[in-house]
Amino acid sequence: MNKIPAPTIEYGTLAPMLLVFGAAVLGVLVEAFAPRYLRKSIHVPLTLLSLAGAFVLVVVQTMTKGAPTAPAAMGAVAVDGPALFLWGVILVLAFVSVLLINDEGQFVASAAAVPGTAAEDEAEAEGRAHTEIYPLVLFAVGGMMLFPASNDLLVMFVALEVMSLPLYLLCGLARRRRLLSQEAAMKYFLLGAFSSAFFLYGTALVYGYAGSVDLAKISDALGTGGVLDPLLLAGLALLGVGLMFKVGAAPFQAWKPDVYQGAPTPITALMASGVLVAAVGAVLRVLWVGLGNLDWDWRPVMWGVAALTMIVGSVLAITQTEIKRMLAYSSIAHAGFLLIGVLATFDAAEQNADSLSAILFYLLVYGFTTVGAFAVVTMVREAGGEAGHLSRWAGLGKRSPMLAGVFAFFLLAFAGIPLTSGFFGKYAVFVAALRSGSESGDSMGAWMTGLVVVAVLASAIAAFFYVRVIVLMFFSEPLADGPTVASPSAGTAAVIALALLVTAVVGVYPQPILDIAHQAASGLFVR
Amino acid sequence: MQTPTDIIPHTGGVIGVAWLMIALPLLGAAVLLIGGRRTDRWGHLLGVAMSLGSFVVAVLALVELLGLGEEQRRRAIELYDFIPGMVKMGLLVDPLSVSFALLITGVGSLIHIYSIGYMAHDPARRRFFAYLNLFVAAMLLLVLADNYVGLFIGWEGVGLASYLLIGFWYFKPSAAVAAKKAFVVNRVGDFGLLVGMFVIWTTFGTLTFKDLDVTGASNGTLTAIGLLLLLGACGKSAQIPLQSWLLDAMEGPTPVSALIHAATMVTAGVYLVVRSGAFFFPVGSGASLAVAIVGAATLLAGAIIGCAKDDIKKGLAGSTMSQIGYMMLGAAFGPVGYAFAIGHLFTHGFFKADLFLGAGSVMHGMNDEVDMRKYGGLFPKMRITAITFIIGYLAIIGFPLLSGYFTKDGIIETAVHSDYPILGWLAVLGAGITGFYMSRMVFMTFFGKPRWAEGAHPHESPKVMTIPLIILSIGSIFLGGYLVVNQTLYHWLSPAVGAAAEAPHFDPFTTPGLVTLAVVAAGVLLAWFMYGRAEVPQTAPAGNALVTFARRDLYGDALNESLFMRPGQWLTRLAVFFDNRGVDGLVNGLAATIGGSSGRLRRLQTGFARTYALSILFGAALLTGALLLVGNL
């Protein structure tokens with residue numbers, strides 16, 4: 001009888017991720033054994049410390065060993081430079097999102113109580129709380145870390161699910177507008193499951209062609225040339241559907257506005273920042289590592305997806321009247337801008353590293369601005385919860401100039417106005433795309449230039465609705481019964497301050513972050 | 001003729017942290033602006049401390065520079081890569097920039113201290129100090145930057161601070177309008193500077209002073225750059241044709257007029273010309289002739305305006321225009337001229353700040369009255385103010401052995417012995433007019449019979465205001481002699497701006513010098529007959545055509561209105577017409593199309609999970625189809 005050989009696991013390399021997962025498991029144990037009144041005071045430090053610790057581990061690993069040159073865990077997980085950078089970004093974004101989650105009044109007392117019934121009032125009166133939120137967030141964060149680091153389509157699928165399942169649950173836990181929240185969770189779950197199926201089916205088809213789910217081996221199989229099997233192309237398309245769904249690219253973006261609106265705002269912040277970072281990282285790895293040899297085939301299609309995503313995101317945002325929905329469409333448009341970077345590939349590794357660093361930089365700055373913007377949204381409240389309708393934000397600049405000013409600054413960063421981090425993010429990606437257009441010398445050249453033109457036009461459309469909110473806040477009379485601005489808790493204030501700091505400082509002095517991104521990208525992905 | 005010495009990279013020491021000079025007041029401004037009302041109680045003290053801190057760093061940097069050999073005194077420190085591949089931000093610490101830094105932080109600190117008293121009753125005093133600190137930081141960046149981009153950022157920064165401070169009492173419509181006017185007129189000049197920088201970049205591929213090498217460039221290009229930079233200098237330094245904003249800028253608080261609109265910011269144009277002198281304004285070039293003509297024209301125009309103003313601050317503003325005209329004139333004549341121009345800039349910084357703060361002190365005691373026809377006989381009521389003011393007055397008219405005498409005389413001598421002696425003789429005439437209008441001011445303010453408004457109780461100002469006056473007046477007495485007699489300033493500056501074939505020597509008994517003294521004396525005597533001996537009426541008499549001409553600022557505003565504003569308005573009306581009929585149709589149509597398609601596309605977002613799933617399925621089919629199509633091409 002054959003023995004199954006024990007796999008070798010590089011625990012040191014994987015330590016940051018293992019720490020997060022370990023803390024999540026510990027959190028479950030706390031749920032099981034600790035008394036109710038103690039749970040929150042154990043969860044909060046446990047969650048924050050594990051995220052901070054994992055971040056420190058990432059930093060230490062980067063500083064001391066540098067990025068490993070071979071994938072870990074028998075080729076299943078690739079902890080390379082880009083992965084470490086994304087881990088760092090995800091961990092910091094998760095940390096600040098937890099600070100938002102930690103705020104009172106965002107989550108339902110008892111999710112099982114039917115909205116509007118006596119049971120709900122009772123749970124509310126008792127002051128119950130779902131402390132499971134913390135381990136769930138940790139599991140999701142662990143999934144986000146594994147997702148862009150998976151070097152193997154099956155591991156990637158597992159990561160996708162580990163990341164998504166807790167989020168489906170978390171989406172349904174909003175304290176206010178509970179039906180909307182539950183509906184969002186349901187939709188997200190159904191559509192997520194649907195798209196996962198595509199991903200899995202795609203994996204199966206690609207396996208049928210390459211005989212392996214390992215990205216490096218798929219790449220090798222493609223490198224041998226020969227006739228392109230329709231099965232391979234169909235598999236590639238279906239993989240793409242699963243990934244594009246997570247990124248929120250058109251035409252797979254429909255879930256985003258509904259889910260972002262329904263989910264508790266801190267969870268929206270986590271999804272809009274962390275999940276996007278993880279998903280774009282995974283797209284990069286699949287397309288650049290696994291299917292790099294096939295770029296002649298996927299680039300035209302991705303071109304269409306990117307252009308459509310930018311246009312749909314910015315055009316649809318114009319008519320939105322709900323602040324979170326508007327930010328959701330803005331997130332769709334930004335996903336489109338990021339896909340431009342994904343398309344900016346070259347023949348030379350060095351130039352590829354430039355494009356990669358542009359995307360990494362963009363992810364970092366966009367993530368921080370997004371978390372900051374959603375943190376501001378949590379603070380503008382009225383009787384029924386957050387003041388979601390844009391008309392309620394009229395004249396906010398006159399009532400609380402500080403908050404409105406900060407929000408306006410974030411919006412300008414989204415729009416990519418100079419002196420904000422958003423400008424350099426867009427600039428870096430556009431430059432990479434133009435360079436790939438002019439230097440690669442293939443027929444994609446003109447197309448890449450065209451895509452940048454589309455992106456600039458989409459940015460102009462997007463600027464309209466960002467500025468419209470600013471105009472609304474500062475140039476209309478405040479409502480008599482307008483929303484109140486809650487005085488922020490220390491956590492929320494810290495989140496907004498950090499986001500503001502990053503957005504402003506990087507907007508003026510981007511070099512250190514660009515350097516870090518460039519260093520992370522210099523080794524490209526390991527195979 | 002000797003060019004400036006090489007710029008040497010530098011690390012360590014006080015010069016290595018020269019950026020502190022900029023950072024300290026910038027931090028002060030940030031704390032005061034962000035801290036808001038919480039900093040009201042101690043905000044002014046922080047402002048003063050930051051400015052003094054910068055001054056200390058500047059002094060230490062000077063000491064360190066003096067410890068180096070003459071050839072070693074141009075030190076560049078690198079800060080960071082500002083625009084990768086284009087500009088590395090760095091500071092240039094050399095005799096020229098350190099001299100400016102000392103003037104800015106030294107006079108700046110005195111004016112900060114003075115403002116504690118002057119603004120004591122203003123509820124927005126903290127904001128005032130925040131702006132002052134912002135100004136000091138921007139001005140230091142302007143003079144310390146080792147490249148044109150940094151200089152430009154500082155240039156815009158001081159423009160912003162100037163705008164904020166002129167309009168500090170923004171609830172007064174006149175102040176708000178004056179602030180806007182200053183901002184708009186300055187934009188014209190800034191545009192010149194910006195385009196000049198563009199041309200420098202495209203021609204030479206660098207904007208850093210150290211790497212700039214203009215040998216081999218065509219004369220036309222150099223002249224074009226020179227004229228563009230001169231346009232910038234004209235805007236900032238209120239030289240003809242961009243002079244119109246300075247008189248209105250006196251709407252700001254008086255310490256602002258003293259610091260920004262007399263001692264420092266308005267001299268930025270002179271700095272720009274001197275700093276770029278070796279590159280774009282060589283002696284005998286067309287650009288340097290343009291500088292000389294602008295300077296000579298402005299020095300006369302400012303002096304004539306000064307004669308007709310009854311508002312003491314506007315009179316001083318006219319005089320500032322005129323004195324900067326002298327500096328510009330000097331800056332047209334190479335290294336010797338630079339030394340006198342910068343020397344005059346310094347002495348002017350002292351005596352004009354002294355005069356302005358003196359005027360502020362008078363206003364402080366006279367319920368903010370600015371009309372000199374309502375003054376008179378104030379000498380016994382405010383002796384310290386009067387004596388310091390008179391010292392400043394003697395310095396500006398060039399009374400022998402006081403500061404202004406040495407530096408102004410140097411400029412006149414240089415101009416008379418240049419290729420264009422006529423400009424020098426115009427400067428002599430200007431000196432005579434200066435003697436007239438400044439004497440008029442002193443006679444009308446401190447002597448004669450009191451013509452005070454009812455309820456005026458003139459009194460001396462508090463010590464916090466008079467002590468800066470005393471310090472400034474001491475500078476007004478001695479600084480000029482110190483800088484000029486042994487050519488101290490010339491030798492000190494020569495590593496930075498170059499040296500002439502023959503060093504100048506100080507000789508008080510030359511024809512131009514003696515003629516100047518005679519002309520000034522005549523001006524003073526005339527003023528004595530008109531305003532000292534005769535009664536001064538409380539309302540201004542209707543003057544002849546020349547007086548009206550001067551009172552209307554030489555029709556500068558009228559000229560601007562008819563030449564630029566009205567045609568501009570016609571042009572905008574025309575543009576609006578076309579915009580409404582043509583462009584808007586297109587733009588609005590486009591916007592409506594986008595908005596409309598947004599509205600239609602929005603209906604796809606039904607809210608039903610089944611529709612979304614269908615759209616995913618549809619997308620998957622599309623993607624697969626597209627890939628198969630592309631794969632089989």
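Reader: How many helices and strands does chain A have?
Author: Chain A, taken from a predicted model, has both kinds of element. The tally is 20 helices and 3 strands.

Reader: And what share of chain A's residues is buried?
Author: Here a residue is called buried if 20 or more other C-beta atoms lie within 10 Å of its own. Chain A holds 527 residues, and the buried part of them comes to 59%.

Reader: What percentage of the contacts in chain A with a separation of 6 or more is between residues 24 or more positions apart?
Author: A contact needs C-beta atoms within 7 Å. Leave out pairs with a separation below 6, and the share from residues 24 or more positions apart is 80%.

Reader: Which helices of chain A each supply at least two residues of the side that touches chain B?
Author: On the contact side, 34 residues of chain A meet 26 residues of chain B. The chain A residues there split into 3 charged, 5 polar and 26 nonpolar. The helices that each give at least two of them are α7 (178-210), α9 (230-247), α10 (255-262) and α12 (295-318).

Reader: Over in chain B, which strands stand at the edges of the sheet?
Author: The sheet is open and mixed, with 3 strands in the order β1-β2-β3. An edge strand has a single partner, so one side of it lacks a neighbour in the sheet; that goes for β1 (8-9) and β3 (87-93) of chain B.

Reader: Which residue in β2(B) is the bridge partner of Ile8(B)?
Author: β1(B) runs parallel to β2 (residues 75-83) of chain B, and the two pair over 2 bridges. For Ile8(B), the partner in β2(B) is Arg75(B).

Definitions and conventions: Residues are numbered from 1 along each chain as its sequence is written. Chains are lettered from A and ligands numbered from 1 in the order in which they are written. This is a predicted model: local features need pLDDT of at least 70, side-chain atom pairs count only at pLDDT 80 or more; totals for chains, interfaces and linings use all residues. Two residues are in contact if their C-beta atoms, placed from the backbone, lie within 7 Å. Helices (H or I, at least four residues) and strands (E, at least two) are DSSP runs, numbered from the N terminus. Ala, Val, Leu, Ile, Met, Phe, Trp, Tyr, Cys and Pro count as nonpolar, Asp, Glu, Lys and Arg as charged, and the others, Gly among them, as polar. Two strands pair if DSSP finds at least two bridges between them. A residue is buried if 20 or more other C-beta atoms lie within 10 Å of its own, exposed if 12 or fewer, and partly exposed in between; C-beta atoms are placed from the backbone.
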